[in-house]
Structures are given as structure tokens and as C-alpha cells.
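Q: Please take a close look at one stretch of this chain and the parts around it. I would like a plain account of where its pieces sit and what they touch.

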Amino acid sequence: MSVGLLTTIPTINVVFPSPVFPLTCAVQNYAWGKLGLDSEVAKLVLGGDPVAVVEEGKPYAELWMGAHPKGDAQIKDNRIAQTTLGEWIAHFPACLGSKVKDTFQGQLPFLFKVLSVNTALSIQAHPNRELAARLHAQFPEHYPDNNHKPEMAIALTRFEGLCGFRPAEEILGFLKSVPEFRALVGNEAAEELRCSVGNAVHTGQVLKKCFTRMMNCEKKVFVDQLNMLVKRVTEDGAAGKDTSSSIGDLLLRLHSQYPGDIGCFSIYFLNHMLLEPGQAMFLGANEPHAYLYGDCVECMACSDNTVRAGLTPKYIDVNTLCEMLNYTPAPASSKIFPCVQDASDPCVSLASILLVIEGDAMATSVAALSDITLSRGTVLFVSANESVSLHVTGPSGMTMFRACCLL
């Protein structure tokens with residue numbers, strides 16, 4: 001699975017991995033999405049289809065570009081008999097390229113997305129293949145498929161999230177400065193964490209104990225502690241005091257979105273991530289994370305499996321989450337990947353999906369039924385081993401993202 005940022009100069013020839021056609025992609029209107037034209041998703045939808053209707057008070061959370069059953073993209077060319085990308089691939093699996101076709105039994109193995117986040121997504125992680133198969137067999141109503149879901153997010157705007165456990169020293173600092181947090185973890189576990197510093201294996205074991213203890217607190221206990229913390233931070237802020245030792249601003253924001261939710265305390269365990277446009281973070285199996293605000297491009301294995309345990313009205317599975325997580329602490333900086341220029345094109349022999357973020361061009365291909373006009377919001381499916389020429393017509397070049405599965 002790979003996703004990359006492509007920028008073009010006024011004229012460029014790109015060798016793409018048979019037929020090439022535009023797509024109309026599914027929009028998911030989850031409640032946490034940005035509203036109306038504040039949403040990058042809505043702007044891209046409108047750019048790709050000028051007659052589309054965007055409702056100002058409606059959330060536009062995710063744009064799904066792929067063949068997932070919950071959002072199979074429509075083929076935007078009535079000269080093609082198949083109506084969806086999934087149908088096209090089922091009829092012509094060779095379009096994936098031989099390696100992908102054989103490895104993934106003729107299925108497109110990735111799902112490409114744009115997310116526009118207004119309020120926090122859940123404290124969550126995605127299972128590995130083995131756990132995904134087991135959860136799907138036991139609870140198909142909550143875990144809809146048997147696939148894993150590693151994913152990469154690349155910021156389009158300044159993007160805020162939580163990802164991975166903080167270094168133990170940072171967590172110990174919060175256990176000292178936030179008594180309400182310490183009350184949920186417990187003095188014994190907090191002291192055990194302090195003594196584990198320097199022993200990586202033991203630290204991970206104790207972190208699991210601390211996090212599990214907090215997440216399994218009785219509701220009255222954690223609600224009382226959360227209310228005390230919110231009251232204290234609010235009063236300190238009103239008095240002009242520094243609340244950074246409690247991450248006060250973020251705490252109050254999450255509490256306003258999800259009052260009385262245990263997930264508000266997760267900010268003291270997990271790294272607070274701030275990505276600038278072009279920066280990325282990778283979320284492997286069992287990596288705890290939550291998106292908080294901003295717009296990003298995301299690429300993942302073709303799955304919708306998520307184990308949740310806070311900051312959500314959806315089904316939560318605390319025991320599974322606490323048992324599955326990767327408890328290896330690491331600083332926030334280790335989770336961020338910069339945008340790096342690469343002259344090579346790893347997707348040549350592979351099926352890919354192309355998304356235009358900015359700019360205008362004309363795409364020509366021997367296999368395409370006609371030239372294709374590209375503009376902001378255009379989404380193209382490019383079959384394996386296909387050559388496409390792009391002639392940029394705008395004055396300032398183009399910005400595009402392209403996803404494929406590298407083997």
C-alpha cells in the first residue's frame with residue numbers, strides 16, 4: 001500500500017500502471033465531519049461535479065475512493081458497461097496487475113480517502129489480520145470484515161491527532177501534575193511505572209496495567225474526577241494561570257465535545273500530534289490513535305474494522321482495545337514522516353487511483369475512450385501498465401495524490 005503526493009510542471013508525461021476512467025466517489029456524512037463548504041471533502045466533491053449540491057449544515061466527513069462494499073465508486077463514463085469500480089475489477093481483474101491480482105484474489109487491496117475532521121474521532125486502534133478474522137467471526141455486527149487496516153495519513157491542512165504512547169517520562173510528569181489522572185491510574189501503578197523507566201520490556205507491561213486500570217474505572221469514579229479536573233482547569237484559565245501542565249485547552253475542547261467521557265484522559269497517555277501540510281503519520285496494527293481536527297488524505301488496507309474505547313457514541317470494546325494495543329512508548333517526533341521528493345514512479349505496473357487537489361490538466365491515453373479533463377476533485381482509476389499523458393493547462397502547476405499497492 002502506498003500513497004504519494006505528485007506535483008507537476010506545465011507539461012509532463014507519466015507512465016501509469018489498461019483503461020483509464022474518472023470516478024464519482026462515495027461521501028460518508030459522519031457526525032464528526034466538517035460542515036458544508038468548510039469541509040475539504042465537500043469542496044472536492046463540488047470541484048469534481050459542479051452541479052453537486054452541498055448542504056451547509058451537513059457534515060462531509062470522508063470521501064471514499066475505491067471498491068469497498070460500503071462505498072464502491074461509480075464509473076463516470078456511460079460508455080462503460082459496468083457501473084461501479086468493483087464491478088469493473090470483477091470483470092477485468094487483470095487491470096490490477098498480475099502480482100496484485102494473484103496476491104489479493106482479484107480484489108483492489110486498498111481504500112483511498114480524504115477526511116475532514118471537525119470534532120474528535122474515537123480513541124481507537126485497528127486489528128492485525130489474525131485478530132480481525134477472530135473479531136469478525138464472533139461479532140460481525142461490529143467488525144464488518146476479516147481484514148486488517150494499517151493506514152497512512154498525509155496532512156492537507158494543519159492536522160491534529162493523538163498517536164502512540166508518550167515516553168514514560170512524559171506520562172509520569174502528568175501523573176505528578178494532574179492529580180485527577182493519578183487517582184484513576186492509582187498510586188501503586190504510578191509508582192511501578194516510575195520504577196520501570198530504563199527497562200523497555202517492563203515499561204510496556206506497566207503501561208498496559210496503567211492504561212487498562214484507567215479505562216476500566218467505574219463510571220462514577222472517572223466522571224467525578226473528570227468534572228473536578230475540568231472545574232480546576234477552567235478556574236485556573238479564568239484566573240490567567242498557565243494550564244499547559246494539564247494540557248488544559250485540549251482537555252476542555254474534548255470535554256465540550258464528549259462530556260463525561262473517559263477518553264478525555266487519554267491525552268495524558270498518547271502523543272499529541274500536530275502535522276503541517278505534506279507531513280504524514282503511519283498507523284500500524286494495534287497503534288492507539290485519534291484524529292482531532294483538520295483535513296488529510298488517507299490510504300489503508302480495504303477494511304472498515306475499528307476497535308473503539310472512548311470519545312465516541314459508537315460501540316466500544318474496552319477489553320479488546322486494552323489487550324491488543326502496542327504499548328511501546330515513543331516521542332511524537334518519531335511518528336511524523338516528512339514529504340520527500342522521489343523521481344521514481346513505483347506504481348507503473350500497478351493499478352492506482354489518482355486524486356487532483358489543485359490545478360487543471362488534460363489527460364490523454366491510448367486506452368481511454370476520450371481525453372479526460374482534470375481539475376480540483378477529479379478522481380481517476382488507472383489500470384496497471386497504462387500510459388497517460390498530462391498536459392497542464394493552469395498557470396501554477398498541479399497537486400495530485402496517487403495510491404497503489406506495492407508488492
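**Helices and their surroundings**

A: E130 lies in helix 4, which covers residues 129-138. The model described here is predicted. E130 counts as exposed because its relative accessible area is 61%, and the cut-off for exposed is over 50%. Along the chain, E130 and C264 are 134 residues apart, and in space their C-alpha atoms are separated by 30 Å.

The UniProt record, in an unreviewed entry, lists residues 20-167 as "domain: Phosphomannose isomerase type I catalytic". Over residues 20-167, helix makes up 22% of the chain and strand 28%. The C-alpha atoms at the two ends of this stretch are 47 Å apart.

Helix 1 spans residues 40-48, and its buried residues include E40, V41, A42 and L44. Among the elements that cover the buried residues of helix 1 are strand 4 (26-28), strand 9 (110-117), strand 15 (289-301) and strand 18 (352-358). Strand 6 (59-60) and strand 7 (62-65) are also included in that cover. At the start of helix 1, the backbone nitrogen of V41 has a side-chain oxygen of S39 within 3.1 Å.

Next come helix 5 (residues 168-177) and helix 7 (residues 187-196), which pack with their axes 10 Å apart, at an angle of about 145°. The crossing of helix 5 past helix 7 is left-handed. On the helix 5 side, A168, I171, L172 and L175 take part in the contact, and they meet A190, L193 and R194 of helix 7. Sorted by class, this contact has six nonpolar residues, one charged residue and no polar ones.

Notes: Residues are numbered from 1 along each chain as its sequence is written. This is a predicted model: local features need pLDDT of at least 70, side-chain atom pairs count only at pLDDT 80 or more; totals for chains, interfaces and linings use all residues. Side-chain values use heavy atoms; hydrogens and water are left out. Buried means under 20% relative accessible area, exposed over 50%, partly exposed in between (1.4 Å probe, protein chains only). Helices (H or I, at least four residues) and strands (E, at least two) are DSSP runs, numbered from the N terminus. Contact means heavy atoms within 4.5 Å. A polar contact is a pair of N or O atoms within 3.5 Å; within protein, one must be able to donate a hydrogen and the other to accept it, and residues adjacent in sequence count only if both atoms are side-chain atoms. UniProt positions are given in the numbering used here, feature names are shortened, and annotations may be inferred rather than shown by experiment. Axes are lines fitted to C-alpha atoms, for helices over the stretch in contact, and angles run from 0 to 180 degrees between N-to-C directions. A crossing is left-handed if the near helix is turned anticlockwise from the far one by less than a right angle, and right-handed if clockwise. Ala, Val, Leu, Ile, Met, Phe, Trp, Tyr, Cys and Pro count as nonpolar, Asp, Glu, Lys and Arg as charged, and the others, Gly among them, as polar.
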